[in-house]
Every structure is written in C-alpha cells, then in structure tokens.
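Me: Before I use any of the labels attached to this model, I would like to see how each was reached. Could we take them one at a time, setting each value against its cut-off?

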Amino acid sequence: MFVFGTKADTLARIAPTLNLFKVPVSKVFTLAQWRAEPEARLRDLCQCFTGQEVIVRSSAMGEDGGENSMAGQFETVVNVPATAEAIRAAIDRVIGSYGEHPNHLDQVLIQPMVADVLMSGVLFTHDLNTGAPYYVINYDDETGRTDTVTSGGAYSNRTLVVHRGALDAVQSERFGALLAATVELEAAIPGQGLDIEFAVDGDLAVHLLQVRRMTRQAGPDNVLSSGLSSRVEGAIGRIQSFVQSRFQPMAGVHGGRSIFGQMPDWNPAEMIGRAPRPLALSLYRHLITDGAWRRARGQMGYREPAGMPLLVSLGGQPYIDVRLSFHSLLPSDLDDNIAGKLVDGWLDRLAGNHHLHDKIEFDVAITALTFDFDARMTAQCGGVLTADELSAFRQALSRLTGALLRGDVAPLSGELAKIESLGHQRRDLLRRRPTDLAGVAALLEDCITSGTIPFAILARHAFIAQSMLRSLVARGVLEPEQAQALMASIHTVAGELADDCRELAAGALPRDVFLERYGHLRPGSYDILSARYDQRDDLFADTAPLAPPPQPASFAASPAQIADIERLLAAHDFGLTPAQLFDYIRTATAAREYAKFVFTRNLSDSLEGIAAWGASVGLSREALSYLNIRDILDTLVEINDSDVEHHLRPLAAAGRQRHAVTKALRLPQILTDSLDVHVVPLRLSEPNFITHKSVRGHSLRIRGHDRVPENMAGAVVLIENADPGFDWIFAYPIAGLATKYGGANSHMAIRCAEFALPAAIGCGEQIFDRLCKAGSIEINCAENHVRPADGLRN
C-alpha cells in the first residue's frame, strides 16, 4: 500500500519503482533545516545545479491531501538561475506564501527545469467531476513552459480525453508515451485516482513533476462512489458499435458514410444541452427531429429522406446525422449521381474541417443559388462535379431558390398564417382542465402540424435570406457594415420584449398583460424544471436598471448598389426587385423568430400540463424529467399491472440512472469515426462574432434556473444554450454575450445583431470554461477574439 507524503516525499518514494517516468533530481529541506543553516543549503544547491535553471516549489504538510489538494495556493518560482542570490530570493518567496505561522516541517523542493519541453500539463486518471473511466489530459504544446496549465495563464492550453479501456486507439507518439508511463505509475500506486503533473521533452522522455491523489468527489452521480463505472464502460462499447453500423451506406440515402455532430443543422446542444434529461430529449425528438424537420424540407422542394429521424441518441447525448442533413438540403429534382457526389464531398470537407461543424449551411453545404455560387463551389467542393454536373446542380438550385424567393412554394405568408392558427387552436385546447393528459397530447400534435413544421420552413427561409445577404457582401456589392445595419433594422419579438419590459418598469404596461404575452417563456424551453416567466418574481424587478432603447438602425443602399443588385437578380432570373429581396430578408428573419416564440407556447403549456397531471398521480417534476414523453402519453392507451404512479416511478428511477451515465460520458462534439468515442480532443472552437465592435466587461455566468443578478449592467454575460427563454437578458444594459453553443445564424446571433450587441456565439467547451473562470472578459469582434481580460491593459 503506497503511502503519500508531501510533494517531495511522494516523489522520493515513487521514483525507485518507475522506469517510464523520469523523476527530476530533487533537493528538499524543511523550514527548520533552512533556518538552521541557509548558507550551507545554498552552497549545496549551487553546486548541484551549476549552470542550470531551477524551479523552486512548495512542499507543505497540508498540500495534496485526499480531501483538498490546495493546488495553486502556494508560490512556485520558475526559471531561477543557480546562483545563491537568486535561489535565496525564490526560497523566501515560497516560504512567504505559507503564511505568517508555517509549520516548521513544511518543505521547499528544488528541481532542475526540464529542457526542450515538447508538451507539459496535468493528467487525471479519472474524470475529475464524475470519476468516469477516462484519462483527462490538460496540456500546453506551444509555449515550451511547464507551468502554464497549473497556473491557468496560457490561452494555448488544450484538453484530450482518452477512454481508459482503449489506449490502443491513441495514435500520437507523445500521448502514447505519456499514457504508458501513467499506466506504470498507476500499478505502483493501486486503487487511487491520480493527479499527475508531467512534461514530455523532444526525445519523448516523460518527466514526472508531481503526483498526488485526486481529491474525492462527493455526490450520488460520482461514478466511482456509486459503482456505475462498468455501466459507463458498457455504454461506450454500445455507442462504438452503433456508430460503426450507422456509418455504413444506407439504402435510399445519399453518401457512402456519415458524420455525427451536436451542432450541425438543428444543433441540439444549443437548444437542449449536451446531456439533457430524458423528457427534454424526447420532446425535442417528438416535436422536431423525428419527422417535422424532413416534412418541412420536402414541402419546400428539397429532398426528403422518408421515414428517417435526424437525431440519434448516443448514451443520451443528442447528435445530428449529418449525412441525412446534407441529403435533405439538396433539390428534390437533382440527379441521384450528382446528389451522391455532393453529399460525399460535403462530408469530406466537414471531416477535414471540424471547426465548421456549426456553420455547415454557410461554409460546407450549398443549399441555395446565391450570388457567389461559383466562388463557393470552388472553395467548398471544388473538383467534386464535372462541368456538366455543375451546370445541372446550378439549374436545380436556381429553380428551387427562385420558387422560394418569389413565394411560388412554401410562401412566408402561408407559413405565418399556420403559425397564427396555432394560437387559436391552443386557446381552444386550454379550456380542458389542466391535468387532462389528452389535452397535452393534442397540444403537442398541433405544435407539430401548425408549429414546428411551418417553423422549420421559416427557419430554412431565414438561412436562405442570410446566404443571399452574405453573398452580396462577398461580391462586394454591399459593405459588411451595411449588412450589419440591415440585420439591426429588423425588429423581432426580442425587441418587442425589451420594449415591453421598459413599459412594465415605467408602469405603463400592467404586469398581467406583460405575462399574458411573455409568461410562457422559460430559459430551458424543453426543461420541465425551468421556471416560466410567469412563475418568477425576480424578472424586471427594481434591483437592476433596464437598458435604454437602442438607437434605431437604418439601412440604405446607394443607387449604384441598387443597380448592381438589379443586374444580379436579372442574371439569376429570380423575378425580384432589390426592394423585394431586402423585404424577403427582413420578413424571413423576423418570421423565424416569431414562429419559435409562438410554438413554444404550446410546448410550455404542455410541460405545465404534464407537471399538473404528474402531481395528480403522485409524480414530481423531478421524477417526470427522467421519463420519456412516450412513457407518459402511453398511459392514455395502455393498461398496466399497477396504477400510473407505480408503473412510471421505476421508469423514472431507471431514467435517472441512465442520465447519470449520460452526464459521465465524454464524447466529442463531432464524430467522424467509431474510434472517436475513445479519444476525444476538446478543440478550440472558432466562435461566430456578431457586430464589429469591441467591448470589455465583468464576467457574469447565468444558468437556466438562476435568478436575475444585481450586477447585470456592463456585464459580459455567459450562457451555455442559446434558448429563447434567455431573451430577458436583452432588457438589461449588458456589455456583451458569449455562449458555449450556437451557430452563425442561431437564435442568439439574430438577437445580438438586432441589438447591435457584441457577441461570441458558439465558443465551445474549452474557451467557454476558461471565460467562466475569468473576472472580466474582452470581446473584439473586429479582430475575431474573445478572451479573459484579467490583467489586460485598457
């Protein structure tokens, strides 16, 4: 049984047992020894490390415990010349960090600096938050330093997550060497989760700088403490098998393989999160990705993959089947051979450019005939089609795009009329008593036929509108600032909400009228645990000032620009004037946001109906959140061996257990191979920047269940999901917005463009987590960067 000691003692005890890890030569002494003979210690150190630079580290008695690591609490001094004066100063700094009354047995550890550092960082032998069976490697392979990960100061830090049961899937030599050394170290210290500080040099020698126990994680969802590790292992194996089978050719679907992603197309990570509870996931599937998505595209003239759900659940985490998405974005009358080539070409582009996973409609697939079609074809799938095939694709896109722009097919007005009818249907249904589950089923059915299908059509129109606007900029007809002004001139429901908030605060709008309009909104639209606006008393209270109304944005094109647009429209035979094109862009953008606002009324009322019904049969919201919507609705048509509560309660308990595994699974945002489930690089995403402004403000993270903070003014707000229920934030004078998930044309991107608010949408896990730890944040949209601003000069 290995016995841990101080940092220095642990290294001394473990060094003789290791072959693959190199433990640096170390000199160590207690504070009592240093105070007794400092000069002798200095002579010994200078002699030992002549001509080298050293690192002077803490090794206190209270560090590295099983309950608290005290990581970063004490000083470390790097790159210290091996001179008496420099070493003395460094030792004094370290001892000074121990406080006024240090233990006389506290130590100081001196080691030579590792030279020619290829990579350094910290490795955890299990997931730090859940205890799941993964090696989690936080590393820096850019600076050549050994302290950037532990200090948290390098923007270049990256993370690699490796499933413990599949080390043979690691193809990198440097990570292979590190993991082999780690396995040997684990054998020498069995039965412990380890926190390892390492460095790998240019010869791939692996240096052990520190090892300590991982601090114990409390709570029922901890995999190690709850015995779920084997279930996580089993889930990983099943996911790999499923991915392998689904990546084979599929009858009736173009593309020889597939890719799974959490952000392409209907971006479920943005709307329901990476690890949603079963009710939220099943509702999203039921309302959108099981059928509404493809029926909408079929009605627009795109190619509908009959009977195919778009979303797959990998251990409870939602992924879009990108092959199906690309298939459904092709004109229905396009030749099958051309269609297959395009899908394969687009899949190849995404496989080689993972950072485009949230931009596929703009930077991967070509879904409309825009004014920059030729340049986009060259850049995005050059050489995929022959000249004749390219001409045929262009003609098919021309027919499709022209019909949609003119309103010959799926006109905006017709889809908006369906959305309006949904409100009338909802009011009729709500005359039922609130616990009527049949009423919930009807609300959801109407939500699909008159809500999510027309919404999906309007959303596709909005993407086409954005593509047309972007192409005018790409052709040099409009300036980027003009395109931004056009988007800012569009008044959506978010603008109406902000206006009504100010009316409410001024006493000009009664609260009951305000809540009648907006009370159904909730920060987690599909989350039964997320409170609606009409269930909160903290929104728009007097604790925080509201934002003043934004300056009205104006857009105007010059006569020369109008003439250029007229020529482009005539050349493409769209049958539109420039004014009609701009009206289409405005209307499609606003209609998409309005449709989402309306159909989420049905969704929100359905959740309240489910909650009321659940209370009548003895099930809490918490229990209901772990059920599938089908489990709930099936009680309308199935007779079970027991009453409803005793039938559903075990299903809820099983759903809770599965969700614990869902949260523990570490999967990449995009999978291109079945082995990707084992080796997960957390890549630095490329955020989508909105406006060309630069701003700096204090960091303020807001979660779906949080009350309104008092320090909204001047904050850079951080939210994970770009859910419409967060629209209340725009009523406050925030400085900027950053989201973990979200695409270039996502809900929050449109909102920020309307309010001319600097934003970084879709930062990804690594950047977002780094921003959450910062005290202040800078967003510079003109230079395309978002970063912690702590210590930056103005």
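Me: What makes β12 and β14 the edge strands of the sheet with the order β12-β13-β11-β14?
Reply: In this predicted model, that sheet is open and has 4 strands with antiparallel pairing. The strands β12 (311–314) and β14 (670–671) each pair on one side only, and they are accordingly the edge strands.

Me: How do you know that β12 and β13 pair?
Reply: Two strands pair if there are at least two bridges between them, and β12 and β13 (residues 317–321) have 4 bridges, in the antiparallel sense. Within β13, Pro318 is the bridge partner of Ser313. Helix α8 (residues 229–246) lies across β11 (260–261), β12, β13 and β14, and runs at about 150° to β12.

Me: Why does one side of β2 and of β4 lack a neighbour in the sheet with the order β2-β5-β3-β4?
Reply: That sheet is likewise described as open, with 4 strands and antiparallel pairing. Because β2 (27–30) and β4 (77–81) stand at the edges and each has a single partner strand, one side of each is left without a neighbour in the sheet. Neighbouring strands here are turned by 25° against each other on average, with direction ignored.

Me: What joins β3 to β5, and which helices pack on this sheet?
Reply: The strands β3 (residues 53–59) and β5 (residues 107–112) run antiparallel and are joined by 6 bridges, where at least two are needed for a pair; Val108 in β5 is the bridge partner of Ser58. Helix α1 (residues 7–14) packs on the sheet by touching β2, β3 and β5, and its direction makes about 55° with that of β5. Helix α3 (residues 38–48) also packs on the sheet, touching β2 and β5, with its direction at about 170° to that of β2.

Me: Why are α18 and α23 called roughly antiparallel?
Reply: The axes of α18 (residues 437–474) and α23 (residues 578–617) come within 7 Å and cross at roughly 155°. Angles over 145 degrees count as roughly antiparallel, and the two helices are therefore given that label. Their crossing is left-handed.

Me: Is Arg522 buried or exposed, and how do you know?
Reply: Buried means under 20% relative accessible area, and Arg522 has a relative accessible area of 2%, so Arg522 is buried. This residue lies in the loop between α21 (511–518) and α22 (559–572). Leaving aside neighbours within four places in sequence, Arg522 is in contact with residues including Tyr533, Leu607, Glu608, Arg621 and Asp723.

Me: What makes the pair Arg522 and Glu608 a polar contact?
Reply: The distance criterion is an N or O pair within 3.5 Å, and the polar contact joining the side chains of Arg522 and Glu608 is 2.9 Å.

Me: What makes β18 mostly covered, and which strands pair with β18?
Reply: Of the 5 residues in β18 (residues 715–719), 5 are buried. Ala715, Val717 and Ile719 point one way and Val716 and Leu718 the other way, and all are buried. Strand β17 (residues 694–701) pairs with β18 in the parallel sense over 4 bridges, with Val717 as the bridge partner of Leu700. Strand β19 (residues 736–739) also runs parallel to β18 and is joined to β18 by 4 bridges, and Ala738 in β19 is the bridge partner of Leu718.

Technical notes
Residues numbered from 1 in each chain as written. Predicted model: local features only at pLDDT ≥ 70, side-chain atom pairs only at ≥ 80, totals over all residues. Heavy atoms only, no water. Axes fitted to C-alpha atoms, helices over the stretch in contact; angles between N-to-C directions. Contact = heavy atoms within 4.5 Å. Buried < 20%, exposed > 50% of the residue type's maximum accessible area, 1.4 Å probe, protein only. Polar contact = N/O pair within 3.5 Å; in protein donor to acceptor, adjacent residues only side chain to side chain. Parallel < 35°, antiparallel > 145°, perpendicular 65-115°, else oblique. Left-handed = near helix turned anticlockwise from the far one by under 90°.
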